[in-house]
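User: I am new to this structure and would appreciate a guided set of questions and answers about it.

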Amino acid sequence: MKHIFEHHGKRLAYQDVGQGPVLLFGHSYLWDSAMWAPQVEVLSRHYRCIVPDLWAHGDSDDAPEQTHSLADIAADMLALLDHLNIEQVTLIGLSVGGMWGVEFAQLAPSRLKALVLMDTFVGREPEVTHQKYMGMLTTIEQVQHVPAPLLDAIVPLFFAPTTLAQQPHFVDAFHHSLQQLKGDRANAVARIGRLTFDRRDQIDALAQLALPVLIMVGQHDVARPPLESYLMQDEITGAELTLIPEAGHIANLEQPERVTERLTHFLQHVYRD
């Protein structure tokens with residue numbers, strides 16, 4: 001069941017599952033909170049899992065007019081925690097969830113117990129991919145849907161080759177969800193894409209993180225190659241890095257047991273120390 005948080009005149013949908021220390025999840029661009037189902041099923045036995053749908057994704061409304069950047073999205077998520085009277089969380093962010101997660105760490109460092117960055121990169125978008133993704137977003141805005149050639153280009157960016165070959169249900173479901181993006185909703189999703197790929201460079205901010213940090217990345221992530229995760233690890237004192245074999249960009253769904261086991265181990269150390 002999803003709950004609704006009214007913020008700036010818009011409805012932000014979120015799951016609130018379990019009891020205990022609080023975990024705040026941030027999902028990938030073009031997905032929604034359901035992406036975290038394998039992890040929530042296990043972790044909610046010992047933790048309270050707050051799992052929002054990003055603006056323009058899942059059951060959430062389009063982003064408020066006041067939301068112009070990933071820093072603004074982090075502020076929106078902080079407002080959700082204030083609404084729920086939650087003082088401190090471990091933030092688990094994948095892709096854009098990790099990008100606004102580092103913005104959250106800048107905005108309210110005392111509210112973070114630990115941080116997990118998965119299949120993400122908080123530096124500026126490299127110029128080659130920036131141009132590529134902005135071109136895709138322009139096409140979506142012009143035609144107000146995701147045309148077939150773009151579907152064929154986008155879907156493989158999210159999965160490892162083994163996933164594409166052996167787990168077609170994930171691939172087909174994602175393909176179908178993109179086909180459903182039409183009209184104003186397609187424009188709203190493209191707007192979030194522009195915030196994501198026009199993000200500011202937060203690499204220098206990583207050196208200021210003074211909390212436990214776990215970095216995880218799919219070994220075959222095309223959208224956010226493992227090299228980017230190693231670059232981030234170099235900036236964070238004491239950060240751990242785990243490479244997830246046979247996984248691409250949606251590593252938590254492609255290899256759910258491996259990811260959940262690694263998260264469980266990390267969280268046990270965070271809340272034991």
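User: In this predicted model, how far apart are the mean positions of the positive and negative charges of the protein chain?
Analyst: The model is a predicted one. The protein chain carries 19 positive and 34 negative charges. The distance between the mean positions of these two sets is 2 Å.

User: What radius of gyration does the protein chain have, and what would a compact globule have?
Analyst: The C-alpha atoms fill a box of roughly 50 × 40 × 35 Å along the principal axes. For 273 residues, a compact globule would have a radius of gyration near 19 Å, and the value for the protein chain agrees with this: 17 Å.

User: What percentage of the residues in the protein chain is buried?
Analyst: A residue is buried when its relative accessible area is under 20%. The accessible surface of the whole protein chain comes to about 11500 Å², with 52% of it belonging to carbon and sulfur atoms. Of the 273 residues, the buried share is 56%.

User: Which residues does the UniProt annotation "domain: AB hydrolase-1" cover?
Analyst: The protein chain as a whole has 12 helices and eight strands. The span annotated in the unreviewed UniProt entry is 46% helix and 14% strand, and its end C-alpha atoms lie 21 Å apart. According to that record, the annotation covers residues 21-256.

User: Is alanine 56 buried or exposed?
Analyst: Alanine 56 lies in the loop between strand 4 (48-52) and helix 2 (70-83). Beyond its neighbours within four places in sequence, alanine 56 is in contact with residues including Arg185, Ala188 and Ile192. Its relative accessible area is 3%, and because the limit for burial is under 20%, alanine 56 is buried.

User: How far apart in space are alanine 56 and asparagine 187, C-alpha to C-alpha?
Analyst: In sequence, alanine 56 and asparagine 187 are 131 residues apart. Their C-alpha atoms are separated in space by 9.2 Å.

User: What is the phi of leucine 30?
Analyst: Leucine 30 is found in the loop between strand 3 (22-26) and helix 1 (37-43), and counts as buried at 16% relative accessibility. Most residues other than glycine have a negative phi. Leucine 30 has a positive value, near 75°.

User: Where does glutamine 144 lie?
Analyst: Glutamine 144 also has a positive phi, near 60°. At 32% relative accessibility, glutamine 144 counts as partly exposed. Its place is the loop between helix 4 (127-143) and helix 5 (148-154).

Terms used. Residues are numbered from 1 along each chain as its sequence is written. This is a predicted model: local features need pLDDT of at least 70, side-chain atom pairs count only at pLDDT 80 or more; totals for chains, interfaces and linings use all residues. Side-chain values use heavy atoms; hydrogens and water are left out. Helices (H or I, at least four residues) and strands (E, at least two) are DSSP runs, numbered from the N terminus. The radius of gyration is taken over C-alpha atoms; the globule rule is 2.2 Å times the number of residues to the power 0.38. Buried means under 20% relative accessible area, exposed over 50%, partly exposed in between (1.4 Å probe, protein chains only). Accessible areas come from the Shrake-Rupley method with a 1.4 Å probe; for residues, only the protein chains shown count as cover. Lys and Arg count as positive and Asp and Glu as negative; His and the chain ends are not counted. The place of a charge is taken as NZ of Lys, CZ of Arg, CG of Asp or CD of Glu. UniProt positions are given in the numbering used here, feature names are shortened, and annotations may be inferred rather than shown by experiment. Contact means heavy atoms within 4.5 Å.
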